[in-house]
Amino acid sequence: MLKRTVLSCALSYALAAALHAPAAAQTAPAAPPEFPTVLYGAAYYHEYMPYERLEKDVAMMKAAGFNVVRLGESTWSLWEPENGRFEYAWMDRVIDAMGKAGIKVIMGTPTYSIPAWMARQNPEILARKFNGVQNTYGMRQNMNTDSAAYRFYAERLIRKIAARYKDNPNVIGWQVDNETGTYGAANDDVFVRFQHYLEKKFGTPENLSKAWFLNYWGQNLHSWVDLPRPDGAQSTGYKLEWSRWGQMRVTDFLTWQAGLIRESASPRQFVTHDFAGSMHGDVNEVAVGRALDMPAVNIYHWGQREYYNGAGQTLDADFTRSLKRGNFLVTETNAQSTDWSSSFQYPPYDGQFRQDVYTHLANGANMVEYWHWASVHANQETYWKGVLSHDLEPNRAYAEMSRTGRELQKIGPRLVNLKLHNDVAILWSRDTLNALNDMPFAKESQWGGTGTKADYGSLVRQIHRQLYDMNVGTDFVFDDTQDFSSYKMLVVPSLYVADEALLRRISDYVKKGGHVVMTFKSGFANENAAVRWTMAPGPLREALGFHYQEFSNLAQPLALKGDPFQAGAENKVQHWAEFLELDTAKALAWYDHSFFGRWPAITSNQFGAGKLVYEGTYLSDKLQKAVLQSSLKELGLGEPEQPLPASVRTRSGTNGYKRAVHYYFNYSGTEVSFNYPRKAGINLLADRRVAASEKLTLAPWDVAIIEEDGKH
């Protein structure tokens, strides 16, 4: 009887999902919630503990100033130990204990790790990857989230849990799933729906064949039933569209879950999802964000020495904040050391635990939660340590986190809901990420500065890092962003895949007075990843003021003639060079080489009321910084923070009291001093006044937070 019910519900789901129209689209999120204070806490899994200690854990959390925990997302097998038998008492007592201590709860839907009985009874739920490779049971996230049977079980459980806790005042929000991806699923149902999606998008197989240039190798289609599986696809258009389909599947799944929560839970409870870092190829975070009240992100970093400088945390934060142009949640960050083995154990130095929390808050986070409260004693994440080590006793980390918690109890209302206004944005393209991963422009780096690999991701990180090092706040915009006019400067890394409408929006932005810094391979291919059949740079030619027909990989790094940006030993470019022929543009730098020296490496073109600077090659870090700094200086951006000591980073925003708040971080093990460059105010952590130009001293790995006098 149950089997028939599952199949009946599964069929209903399959029919509803055929056009990929998420149910949750009918219940759009309300305005992002404003929080009364910063949420500070950890993920808590009492079910992982080797002995009963709930009362002790809650007391320790309360003493540490924790006011929130995340529960429930990891243990479907406890919620539903057998098919159709549901258990709640184990979670009820945890929520009740938290509530008595004044600790709020964010409940996770436990859908990212299926129970053993489900895999046995419905093996078709497991993902089939390329070339028929079938997932086996044991690892999490091993399922096809489109599976009709999986959706039936998931919906049944989500509705039951949401209904049980919708009226519980301690449960303030819901996290749908956990770090969701496509999981490589290429099951038959996934492929059939992909085919229907293509039919709807292209109309006829002939149109698809033309867009993908399938006459190549005689692979053009005249019937949809002849569409090959993606397993061995060579077509760049096919690969790009398959990646888009995967993103749509993730968006559909999470939007569907968000809709179920809104139908079953309380409108006072917010809905979020925790992205695993940022800039994924298989997850359209912008599209998912439309279904959320507020996005969340899991941000990890290396503690200790040069690896800890706030750059990685800020990149993920800037990206996540940009998804909805507002505040976000950090659902996971380092408690102690991390990794799925004991070979990557770098626990933070004294001060770095606390500094990390304020780094997230300075970037617009309204919550910081550690993953997780207590280190587990066996299995895959044994050495992804929690606040408490394996002995489960107070320790160095707990002491510093307690200090931070007590501070936030006092000043949290002054820090929460911080609004950041940035004048600079980076245009990030997921299509370009996927297309350049398929058609890379470089092999492994032969010299330092950008990591071991040069690709689209490394270029974006390099650009963001140079802006970060200059204390320039940065937002991200995306290839579907319609208006860039709120920014004074737009940085466009290697926009390889773009339709003409996007390129026109960029050109119009410049023409109307915008300033763009753009890098090589931009405008190269159309929206189907086909190289344009007009002379490069295609639709961007007038705005860029040059054309070109040739390009080359660089077997060795090249210097720029005369070291025009005073980069010294880093006066080098590598990997790629476009043979730019100037029309109206002016050269800012030339290659110092007997052959390549006839072409400029960096150009600048006045177009309408604005300017477009172009890098025709991959610059060293120092060159990249110099080019960006030149544009910033021209626009009058970056001051007054530029003269700060080398290890000091700063972020500024406006709090809920309409006052400017300035963070100053010393990311070094050495004490530093500088003159405070802003208006007088209160040092919130030290609880004392600070005058304009007063000398501030920061201890190693320390932070100062100044709230300016008066309304901003």
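**Figure 1. The largest cavity holds about 60 Å³ of space.** This is a predicted model: local features need pLDDT of at least 70, side-chain atom pairs count only at pLDDT 80 or more, and totals for chains, interfaces and linings use all residues. Residues are numbered from 1 along each chain as its sequence is written, and side-chain values use heavy atoms, with hydrogens and water left out. A cavity here is a set of points, on a 1 Å grid over the protein atoms alone, where a 1.4 Å probe fits but cannot get out, and a lining residue has an atom within 4 Å of a point. Grid points are joined across faces, edges and corners, and the volume is the space filled by probe spheres set on the points. One run of lining residues takes in Ala-43, Tyr-44, Tyr-45, Tyr-48 and Met-49, and the lining also includes His-372, Trp-373, Ala-374, Ser-375 and Val-376. Sorted by class, that gives eight nonpolar, two polar and no charged residues. (Ala, Val, Leu, Ile, Met, Phe, Trp, Tyr, Cys and Pro count as nonpolar, Asp, Glu, Lys and Arg as charged, and the others, Gly among them, as polar.)

**Figure 2. A cis peptide bond sits at His-372, one of the cavity-lining residues.** Look at the link from Trp-371 to His-372: omega is near 5°. His-372 belongs to the loop between E9 and helix H13 (396-415). Helices (H or I, at least four residues) and strands (E, at least two) are DSSP runs, numbered from the N terminus.

**Figure 3. The second largest cavity comes in at about 40 Å³.** Around this space you'll find Thr-314, Thr-359, Ala-362, Asn-363, Tyr-468, Arg-649, Thr-650, Arg-651, Phe-665 and Tyr-667. H12 and strand E22 (648-654) are the elements giving two or more residues to this lining, and E22 has the largest share, with three. The mix is four nonpolar, four polar and two charged residues. Searching the whole structure turns up two cavities of 30 Å³ or more.

**Figure 4. The largest pocket offers about 900 Å³ of space.** A pocket is an open set of grid points with protein on both sides within 12 Å along at least five of seven lines. It has 32 lining residues, and those closest to its centre are Tyr-300, Ala-311, Gly-312, Leu-315 and Arg-461. Two or more residues each come from strand E7 (296-299), helix H11 (311-324) and helix H15 (456-469). H15 supplies the largest share, eight residues. As for chemistry, the lining has 11 nonpolar, 15 polar and six charged residues.

**Figure 5. Nine strands build an open, parallel sheet.** The order runs E5-E4-E3-E2-E1-E9-E8-E7-E6, where strands pair if DSSP finds at least two bridges between them. At the edges are strand E5 (270-272) and strand E6 (274-276), each pairing on one side only. From one strand to the next, the twist averages 30°. Zoom in on E6 and E7: three bridges hold this parallel pair, and Ala-276 has Asn-298 in E7 as its bridge partner. Helix H12 (residues 352-362) lies across strand E1 (39-43), E7, strand E8 (328-333) and strand E9 (365-370), at about 150° to E9. (Contact means heavy atoms within 4.5 Å; axes are lines fitted to C-alpha atoms, for helices over the stretch in contact, and angles run from 0 to 180 degrees between N-to-C directions.)

**Figure 6. A seven-stranded open sheet has mixed pairing.** Its order is E11-E10-E12-E13-E20-E19-E18, with strand E11 (474-478) and strand E18 (586-590) at the edges. Neighbouring strands are turned by 20° against each other on average, direction ignored. Strand E13 (residues 515-519) and strand E20 (residues 610-615) run parallel, joined by five bridges, and Val-516 stands opposite Leu-612 in E20. Helix H16 (residues 500-511) lies across strand E10 (424-428), strand E12 (489-492), E13, strand E19 (600-607) and E20, at about 135° to E13. Helix H18 (residues 621-635) also packs on the sheet and touches E10, E12, E13, E19 and E20, its direction making about 170° with that of E13.

**Figure 7. Two loops show local backbone quirks.** Most residues other than glycine have a negative phi, and most peptide bonds are trans. Ala-536 and Pro-537 are joined by a cis peptide bond with omega about 5°, and Pro-537 lies in the loop between E13 and helix H17 (541-544). Tyr-183 has a positive phi, near 60°, and sits in the loop between strand E4 (171-175) and helix H7 (188-202).
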